[in-house]
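Subject: Structure for you to look through

Dear colleague,

I am passing on the structure we talked about, and I would be glad if you could open it beside this message. My notes on what was found come after it.

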Amino acid sequence: MKLNLEGKEQFDAPPQELWDALIDPEVLTKCIPGCRKMTEIGPDSYVIEVQLKVAAVGGSFEGAVSLHDKNEPESCRIKVSGEGSLGTGEGQASFTITPTDDGGSELSYYGEGEVGGLVAGVGQRILKSVSRHLVKQFFTGLKKHFSASDDVSTES
Amino acid sequence: MTEQSSQNRFVSQPRRVREDRRFVAGKGRFVADIDIPGTLHVAFVAGTYAAARIESIDTSAALDMPGVVDIVTGDQLAAEIAPLMNGLDTPKVRRYPLAVGDVRYAGEWVCAVVAESREQAEDAADLVRVRYAKRDFVLDAEEALTREAPVVHPDHGSNVLLDKTFVWGGVEEDFDRSDEKLSLRVTWGRNSTVPIETFGVVAKWDPWERILDVWASIQMPKYADQIARALGLPGNGVRVHYDVDVGGSYGVKRGIKHTVLAGFFARRLGRPIRLIEDRIENMRAGDAHGPERIFDIDVAFNRDGTVRSMKMRALDNAGAYAGRAPFQLGKPIGAIVGPYRINSVQYHALSVTTNKTVEEAVRGFGQSPTNYAIETMMDRVAAHLGMDRLELRRRNLIRKEQFPYLIPSGTTYDSGDYHTVIDKVLLHADYDALVAERDRLRAEGQCAGIGIAACLEPSGGNSSFEPLLNEKNRTSTWMESVRINVDATGAVIVAIHTTSAGQGHETLAATVVGERLQIDPDAIRIVRPDSLESLPGNSPVGSRMAIMLGGAAARAADTLRAQILQIASHVSGIAEEKLTYREAAVHGPDGVVMDWAEIVDVTHRRFHDLPEGMSPGLSAQHILQVPTGTALPKDGKVQMYPCFSFEFHLVLIAFDPILAKPEIRRYVIGHDCGTVINPHIVRGMTLGGIAHGIGAALLEEFAYDDDGQLQTQSFLDYLMPSSHEVPNVEIVHHCTPSPHTEFGQKGSGESGYLGAPAAISGAIHDAIASRGITLDKLPIRMSAISDAIAAADAVQKKGIDV
């Protein structure tokens, strides 16, 4: 089944810092829900291992992630494909970072993908809301990362 | 046969079902209750794609996980066991418990992981890495027939498992001579029985005795034999324990692949193995989906309503492997004209492989889909002629005086009184008032309709469809056995040789033996010896146990009675003809000659009083062949089952034209299964069967998306009828005894289910008839009804606007 996601998020960090975080495997491993490991295997190309639970099923997913059309620190395209006991997934996403007046930045993103296998069968009716929830969790984690590197503040 | 029915003390009496006591108290003993120390657990790696070549399997990370003992792939397994039994002559459609080389449906088991706990096995299964190369796949049965379609088993050469056409009688002549013809297509959606207890098995290998012990949630003929063959063990090297309660089945509890796998691991690892499916494993890959079938029918009839001939093509989507499922096209041949006098029939049975989950036997073994097709045909003929549906049926039904009645396909129906059953139902329901109620609902703006279905339940299951569809199969034997032993204290022990899935076989056997020996059934002990101690049998399939287990029990008891009379005559010196057996004692001209205690005393302690040549002890057994099951098929014809129960459904359904959620306002069924042995059991079967039929008609479907992924693999998506959907059902009884059975009994294990889908579909069509819509595929979901109504109304509105 097809899925698509889009949205905008505000960050206190300036564009360059946001950019650096978004392509840093260490930061991403912390922020992507269920991410166990993200390994760089070449320039702009990574292998990611994720463990997730959706609806009644839980399982693993192993994917290849590659970055394209990098325009630091403004925009980038990301391709993901992989499979695991949860099923298969393939997708593309792009993001744009623009500076905001208060010295922070705004991230707008758009992605579309196709998932198959167990998760598409069992979780189809909730997959959209689950994916939105996972994206939200990711950004919450990312914001936490910035606030932790600044000072100790509570998440919004 | 019937002379006794009025004198029955226990048979037909509303006696309590003895099994219910332990089930209601939660004291059943199910496979999950089998707890052997040191047991290992199995979890699976499931295939991701509908069709793919397995390129590599990396188990290294999984093997390092805590608790993991073993992991086996399909290739490793196939090198050590024989393929699972195949019913048809399709030797190149090989089936193993795990995918070998290719995954042929999404979710098929690719690897089995064994660990100290189920949780550990599941966690490790997650880490097995399988690389696939996707292949083209086919889901649709008609597409699978085409030359261009991907072939599920390339070695087999095509997707066709079975393609056989039978012509019984002068079909073309009857078509030529008939006034009218019409054609229709109806589709029976892929549903099944989905017991709350999934399939489970525990297997234990004893290397010193060289024996495999098996406890399973099983309902399967020749189960122990099939395990032994697949594992290369002698038949007496497998011991199946029949004293395991089965938590629902209705045909599908046939986990042969699970069992062979568990047995394989038990031998290989020397530890007990437990394999119990979780819900998703059960729904996706338990290989327990029911028939999915497209019927194309041409029917020829006269203007007076006489249906003369029928051409039926039934195309079954068997899923990825053959199994036994294609035979479900064969059994309905024994009732291919339903309860009607149709002079000639052409029947084209087609079964194809596709990349869907494997099909298994389901309640009625293909009869309910066929009944739905026949009854829809009758409704269409009535509509075409502008004739009342009841009147059309009355004109075509076999009349009481015409029994025994030979149908074109070679089966003779035993007995029936269809017109009377229908009259009783109409009287009970007050049919005119029901019609008035329908019209009142319509006047209120509701869609309201009455559905009727007149259907047969062939019962007494033999396997005549096997040799009919596969000439290499020479099976005509389909026996069931009972052994009775009276011990030295006078207590009666009756052995039955099967598992039960709620059919009440203990009550059945006790009632019948109690009746014949005239002792309290509750005082009889029922035992279930294991398969090595058992007499031959074929398990409770084909609506057969009232006839077969009941018949064997009655005959074994009769043998005991004959022995008792012989002893009494010998001891008393009174001629046997002057003695009668009554109230567990032998009576002579001047009172009791020998009571039960003395009978027992003579047989167990007084050898000197036994007639010459008689063995001591009081014990008898009977191995019963299916009545009428005497010959192999000839010229495409065969006597299929011996007995034919009849059911007539009358249902009123109403729904809002916009929401279109069907509400069953009234449900009356007339049921004639001959002599009823236990009314509670028959009632339970009928009510459950109707609930099951409501599911098939309106709700349940294993639906696949375009990628071949099963979309309904949990109860969130696979909709089962609940107490909200199942109405109060009124049962009207009638009894036309069968001449072939001990008490006149016929089968009722499939009752209700065999006509409910047809009747419900008929009611919905009556409700929407004014709009000229047909909904030709089951289940008829509420969305399909409301969309069709909206589309029809939009067209009509447009017409008016213009």
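The notes below go from chain B as a whole to a few places in it.

Please keep in mind throughout that this is a predicted model. Chain B holds 20 helices and 29 strands, and its C-alpha atoms fill a box of roughly 100 × 75 × 50 Å along the principal axes. For 802 residues a compact globule would be expected to have a radius of gyration near 28 Å, and chain B, at 28 Å, agrees with that. Of those 802 residues, 56% count as buried. When contacts in chain B between residues at least 6 apart in sequence are considered, 80% of them join residues at least 24 apart.

As for the meeting of the two chains, 14 residues of chain B are in contact with 16 residues of chain A. The side of chain B that touches chain A is made up, by class, of six nonpolar, five polar and three charged residues.

The part of chain B that I would look at next is a small group of strands with a helix lying across it. Three strands form an open, antiparallel sheet in the order 22-23-24. Strand 22 and strand 24 (591-594) stand at its edges, and because each has a single partner strand, one side of each is left without a neighbour in the sheet. From one strand to the next the twist averages 50°. Strand 22 and strand 23 run antiparallel and are joined by three bridges, and B:Thr580 has B:His587, in strand 23, as its bridge partner. Helix 16 (residues 545-572) lies across strand 22, strand 23 and strand 24, and runs at about 100° to strand 24.

Between two of these strands there is a residue whose backbone deserves a second look, namely B:Glu583, in the loop between strand 22 (580-582) and strand 23 (585-588). B:Glu583 has a positive phi of about 55° although it is not a glycine, and with 13 other C-beta atoms within 10 Å it is partly exposed. A positive phi, near 50°, is also found at B:Arg210, again a residue other than glycine. B:Arg210 lies in the loop between strand 9 (200-206) and strand 10 (211-216), and B:Arg210 is exposed, as there are 12 other C-beta atoms within 10 Å, where 12 or fewer is the cut-off.

Two cis peptide bonds should be checked by eye as well. One runs from B:Phe403 to B:Pro404, with omega near -5°, and B:Pro404 is placed in the loop between helix 11 (389-396) and strand 16 (405-406). Another joins B:Leu778 and B:Pro779, with omega about -5°, and B:Pro779 is found in the loop between strand 29 (777-778) and helix 20 (782-801).

Lastly, is B:Arg483, a residue of strand 19 (residues 480-486), buried or exposed? B:Arg483 counts as buried, because it has 22 C-beta neighbours inside 10 Å and 20 or more are needed. Leaving aside residues up to four places away in sequence, B:Arg483 touches B:Ala495, B:Leu535, B:Ala556 and B:Gln621. The C-alpha atoms of B:Arg483 and B:Ala620 are separated by 5.8 Å, although the two residues are 137 apart along the chain.

With best wishes

Note on methods. Residues numbered from 1 in each chain as written. Chains lettered and ligands numbered in written order. Predicted model: local features only at pLDDT ≥ 70, side-chain atom pairs only at ≥ 80, totals over all residues. Contact = placed C-beta atoms within 7 Å. Nonpolar A, V, L, I, M, F, W, Y, C, P; charged D, E, K, R; others polar. Helix = DSSP H or I, 4+ residues; strand = E, 2+ residues; numbered from the N terminus. Rg over C-alpha atoms; globule rule 2.2 N^0.38 Å. Pairing = 2+ DSSP bridges. Axes fitted to C-alpha atoms, helices over the stretch in contact; angles between N-to-C directions.
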